Amino acid sequence: MLLDHTKQRIAAVARKPGNLDLFAIDNDDKPATTFWTANNGWRGDWMTLPGDTTLDHRTQQITVIARQPGNLDLFAIGNDDKPVTTFWTANDGWRGDWMTLPGNTLLDHTTQCITAVARKPGNLDLFAIGNDDKPVTTFWTANDGWRGDWMTLPGDTTLDHRTQQITVIARQPGNLDLFAIGNDDKPVTTFWTANDGWRGDWMTLPGNTLLDHTTQCITAVARKPGNLDLFAIGNDGRPVHTLWTANDGWHGRWLTLPGTLLDHKTQRLAALSHAQGLLELYAIGPDNKPWSIHWFAWNDLTPTGWLDRDVHGSPALDHTMQRITAVRRSPDHTDLFAIANDGHAITTFTSVDNDFPEQWMTLPGS
């Protein structure tokens, strides 16, 4: 199966250390998947997901989440602008077809994607920006199923649904933190806690840093329950970073990270964290080669504490069209995915102790 490298990206998830599941929308607009297991390696070819649902491969992306090892939940915005979902369970396999989520909310399938998080195995929370530019949410619980309709988040903040996406992270089961870049190019945030519910309105993050809301999104990771790390590519092409700790709150400003300049109009940072204190960043540089830097907990969390890491051997990637998908399937292993310029899905991997192989491999059936 060939994929459109100018439009499509691969969604990847590791539901347990010995499994990887990949998803994309193929060139005939059908959602497709392939997978890897530690025992059997990669599936021989991609398979089309059950059902008659088609999605627009030129504008849509699939969102996938594994709320526990035996579950996969997929979300997208259908061609009729209705949010849709399907799921897989270890016991029963794939649902027969995608279903429309409850409610009358319409989202712009040409510009929006659904952001999903599972703060615990029995909860799913979804976020998007409505056609009226208001951030909206809905949720599912194992006891009660889906909420009847999407709700608008508290406050007067509006975001540009044509260009912006919401980033969400659950640093522990009782917390949700949301991030975006406001229409004035200032990074903003809001949050929910199990005790107090939603904050009254979004707030601007400390510092004078401006980010391009028409091209950039914030990438967030929680390396432990009391830490949040945010990343983006500044308007000068330099990666920037700020952080929050439970003890000290938000850092007063964003810090510029070392490394190559990146195209802030087309690239976004893929970030991974590990509880032991590892942070990894990936992107495709202007020379069309994958780029990476990383930080270990025993280094100073300033620009001098970040180290370059060479991502060997990939074929040329189009930095104006493509992005890296990164997933950590175990404490020691990171897997990277991309779509090469010839439409083949490719991958490489690394571990904490070993470098990347000299060559990326083409996935079977691609």
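This is a short talk on the fold, the cysteines and a handful of single residues in one protein chain.

Let me say at the outset that what we are looking at is a predicted model, so everything I describe is computed from that model. I will begin with the overall picture and then move to individual positions.

In terms of secondary structure, the protein has 33 strands and zero helices. As for its dimensions, the C-alpha trace spans about 50 × 50 × 35 Å along the principal axes. The radius of gyration of the protein is 19 Å, and because a compact globule of 366 residues would have a value near 21 Å, the two agree. Of those 366 residues, 54% count as buried. If we take the contacts between residues at least 6 apart in sequence, we find that 50% of them join residues at least 24 apart.

Turning to the surface, the protein exposes about 15,100 Å², and 46% of that area is supplied by carbon and sulfur atoms. On the charges, there are 29 positive and 43 negative ones, and their mean positions are 3 Å apart.

Next, the cysteines. How many disulfides does a search of the whole structure find? The search finds zero. C113 is in no disulfide, and the nearest cysteine sulfur to it, which belongs to C217, lies 9.5 Å away. Looking from the other side, the closest cysteine sulfur to that of C217 is the one in C113, and because the separation is 9.5 Å, the two are too far apart for a bond. Are these two cysteines buried or exposed? C113 has a relative accessibility of 18% and therefore counts as buried, and C217, with a relative accessible area of 8%, is buried as well.

Let me now take two positions where the backbone deserves a second look. As general background, most residues other than glycine have a negative phi. D133, however, has a phi near 70°, which is a positive value in a residue other than glycine. D133 sits in the loop that runs between β12 (123-129) and β13 (135-141), and with a relative accessible area of 23% it is partly exposed. The second position is N288, which is not a glycine either and yet has a positive phi of about 70°. N288 is placed in the loop between β27 (279-284) and β28 (290-295), and its relative accessible area of 24% makes it partly exposed.

From the loops I would like to go to two strand residues. The first is A76, which is found in strand β7, covering residues 71-77. Because its relative accessibility is 1%, A76 counts as buried. Which residues does A76 contact, once its neighbours within four places in sequence are left aside? They are L55, Q60, Q61, K82, P83, V84, W98 and I114. For a longer-range reference, A76 and R329 are 253 residues apart in sequence, and their C-alpha atoms are 23 Å apart in space.

The second strand residue is W42, in strand β4, residues 41-42. At a relative accessible area of 18%, and with the cut-off for buried set at under 20%, W42 is buried. Not counting residues up to four places away in sequence, W42 touches L20, L22, T34, F35 and W36, and also F337, M361, L363 and P364. W42 and D184, for their part, are 142 residues apart in sequence, with 45 Å between their C-alpha atoms.

Finally, two further loop residues. K30 lies in the loop between β2 (19-25) and β3 (31-37), where it is partly exposed, with a relative accessible area of 36%. Beyond its neighbours within four places in sequence, K30 is in contact with A24, I25 and T48. The C-alpha atoms of K30 and G237 are separated by 35 Å, the two residues being 207 apart along the chain. T214 belongs to the loop between β20 (203-204) and β21 (219-221), and with a relative accessible area of 41% it too is partly exposed. T214 and K82 stand 132 residues apart along the chain, and their C-alpha atoms are separated by 24 Å. K82 has already come up in this talk, as one of the residues in contact with A76.

Technical notes. Residues are numbered from 1 along each chain as its sequence is written. This is a predicted model: local features need pLDDT of at least 70, side-chain atom pairs count only at pLDDT 80 or more; totals for chains, interfaces and linings use all residues. Side-chain values use heavy atoms; hydrogens and water are left out. Helices (H or I, at least four residues) and strands (E, at least two) are DSSP runs, numbered from the N terminus. The radius of gyration is taken over C-alpha atoms; the globule rule is 2.2 Å times the number of residues to the power 0.38. Buried means under 20% relative accessible area, exposed over 50%, partly exposed in between (1.4 Å probe, protein chains only). Contact means heavy atoms within 4.5 Å. Accessible areas come from the Shrake-Rupley method with a 1.4 Å probe; for residues, only the protein chains shown count as cover. Lys and Arg count as positive and Asp and Glu as negative; His and the chain ends are not counted. The place of a charge is taken as NZ of Lys, CZ of Arg, CG of Asp or CD of Glu. A disulfide is a pair of cysteine sulfur atoms within 2.5 Å.
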